[in-house]
Structure formats: C-alpha cells, structure tokens
Amino acid sequence: MTERPLTDILKDCRRGREAAMQAFYERFYSYALSVCLAYASDREDAREMLNDGFLKAFRHMDELKNEAVVVPWLRRIMVNTAIDYYRRNRKRALETSTESVEYSLEEPYLNDEAIFAQLSVEHILTVLHQLPVPYRMVFSLYVLEGYAHREIADQLGIAESTSRAHLSEANRLLRQALTSQLPTNHERASR
C-alpha cells in the first residue's frame, strides 16, 4: 500500500475530511510527540499538549500555504501549545526564584562531547524531565527552539534576567545529572 501524498492530505484536511485528518495525525504523531516531550513533565502531559496542538493545526490548516514547510509550521504550533500549557499550569509548577540559583562556576570537562555522546536520547530526556518546570521551559525554548532570552521572558511572563538564571541553573543541573548517569566513571582530563 502506497503512502498518500501530503498535498492530497492537506487539501482534504482543509475541507474538513476526517480520514485526511487521521492520516495527517498518524504521519506526524511521532514527530509532534518528540517536540512535546521536551516541554512536558511526563508522557501524559505531552499527549495532552500534542492533542491540543493538533486541534490548533487543523483549525489553522488554511494558513499553511506550502507543504514544504509543514514540519516547521507544526513544530511552531506544538511549541506554542507547550507555552500555553505552561502558562495555564504555572501555579502547579514549582516556581524558582533567582535567589535560589547557585552562581558558582564549575571547571568544564575537557571531554564533555565524548562523554555525552555515550548517553541515549532516553537518558537525556529522562534527566530533562527531572528539571523543575521553569528551568525545563527556558532550556527547551533557548536550546531547542533558538529563542532569545527577551522572547522567552515575554512568552513566559518572567524577567529576562530570570530566563538567563534559569538557563544557567538548568545547564548546571543537566551537566551534573548526565555526568552521574554515565555507564562508566570518567575522570576529568588532567591539564
């Protein structure tokens, strides 16, 4: 059985045909879920974001003029949905003030890339999900999406300095947690 062309699926989605919407959902489910997992506390939250995101995508399908940009278009919808989800559930999230962030500089590992290359995506996502929600949101928006601190601050309703502090603390916590999960114990390279 051959896969239905994306052009036909998009055209039928715009007409409101359920079979086309199901085909679109199935084709992009894994990709969209991977985007949502970077922002969600768990798979249940990720699926909620995913479903909300697909509903938005179907409502705004007319705005998609070029099928070549469907992946970045869908990514943007999923990220914006994750931001909306964060805003709605902010009270549930652990709010972290800038005073609690440690500002110590740790000596960088000389072979970080080689060490972290040994870790699987699952290990990294597991550690990412252990970060407090504000840290995870800032980290994901900055590192994965390329947002500037000013944009993150505007989107999340925080100060730009708080965004920077959250990113710094997220990096420190991630480095610490990922290093502790290494399959073998690596030592710092001597200088």
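A residue counts as buried when its relative accessible area is under 20%. By that criterion, 38% of the 191 residues of the protein are buried. The model described here is predicted. Its secondary structure consists of nine helices and zero strands, so the sequence of elements from the N terminus on reads α-α-α-α-α-α-α-α-α under an assignment based on DSSP runs. The points below cover the salt bridges, the cysteines, the largest pocket, a surface patch and selected contacts of helix α9.

**Salt bridges**

- The structure contains ten salt bridges.
- Asp 12 pairs with Arg 4, and the closest N and O atoms of this salt bridge are 2.1 Å apart.
- The two partners differ in exposure class: Asp 12 is buried, with a relative accessible area of 13%, whereas Arg 4 is partly exposed, at 31%.
- Because the limit for a buried residue is under 20% relative accessible area, Asp 12 at 13% falls in the buried class.
- Lys 56 forms a salt bridge with Asp 84, in which the closest N and O atoms lie 2.7 Å apart.
- That pair connects distant parts of the chain, since Lys 56 belongs to helix α3 (residues 43–59) and Asp 84 to helix α4 (residues 70–88), with their positions 28 residues apart in the numbering.
- Both ends of this link are partly exposed, with relative accessibility of 21% for Lys 56 and 26% for Asp 84.
- Arg 164 and Glu 160 also meet through their side chains in a salt bridge, with an N to O distance of 3.1 Å.
- Arg 164 and Glu 160 are separated by about one helical turn because they stand four residues apart in helix α9 (residues 160–180).
- Arg 164 is partly exposed, with a relative accessible area of 46%, and Glu 160 is likewise partly exposed, at 27%.
- Elsewhere, Arg 4, Asp 12, Arg 15 and Arg 17 are joined into one network by salt bridges that share partners.

**Cysteines**

- Zero disulfides are found in a search of the whole structure.
- Cys 13 counts as buried, at 3% relative accessibility.
- Cys 36 also counts as buried, at 1% relative accessibility.

**Largest pocket**

- The largest pocket holds about 550 Å³ of space.
- Its lining is made up of 22 residues, and those nearest the centre are Ile 124, Leu 125, Leu 128, Phe 139 and Leu 144.
- Elements that contribute two or more residues to this lining are α2 (18–37), α6 (121–130), α7 and α9.
- Helix α2 makes the greatest contribution to the lining of the largest pocket, giving six residues.

**Leu 144 and the nonpolar surface patch**

- Leu 144 is located in helix α7 (residues 133–144).
- Leu 144 is partly exposed, with a relative accessible area of 39%.
- Together with Tyr 142 and Val 143, Leu 144 forms a nonpolar patch on the surface, and the three residues share about 250 Å² of accessible area.
- Patch membership requires over 30% relative accessible area, so Leu 144 at 39% meets that cut-off.
- Leu 144 thus appears both in this surface patch and among the residues nearest the centre of the largest pocket.

**Contacts of helix α9**

- Glu 160, the salt-bridge partner of Arg 164, is placed in helix α9.
- The C-alpha atoms of Glu 160 and His 149 are 5.7 Å apart in space, while the two residues are eleven residues apart in sequence.
- Thr 162 is also found in helix α9.
- At 15% relative accessibility, Thr 162 counts as buried, whereas Glu 160 counts as partly exposed, at 27%.
- Thr 162 and Pro 134 are 28 residues apart along the chain, and their C-alpha atoms are separated by 9.7 Å.

Terms used. Residues numbered from 1 in each chain as written. Predicted model: local features only at pLDDT ≥ 70, side-chain atom pairs only at ≥ 80, totals over all residues. Heavy atoms only, no water. Patch = residues over 30% accessible without salt bridge, like charges linked within 9 Å, V, L, I, M, F, W, Y side chains within 5 Å. Areas by Shrake-Rupley, 256 points an atom, 1.4 Å probe, with all protein chains shown as cover. Salt bridge = Lys/Arg side-chain N within 4 Å of Asp/Glu carboxyl O. Buried < 20%, exposed > 50% of the residue type's maximum accessible area, 1.4 Å probe, protein only. Disulfide = S-S within 2.5 Å. 1 Å grid on protein atoms, 1.4 Å probe; cavity = no way out; pocket = protein on both sides within 12 Å on 5 of 7 lines; lining within 4 Å. Points joined across faces, edges and corners; volume = space filled by probe spheres on them.
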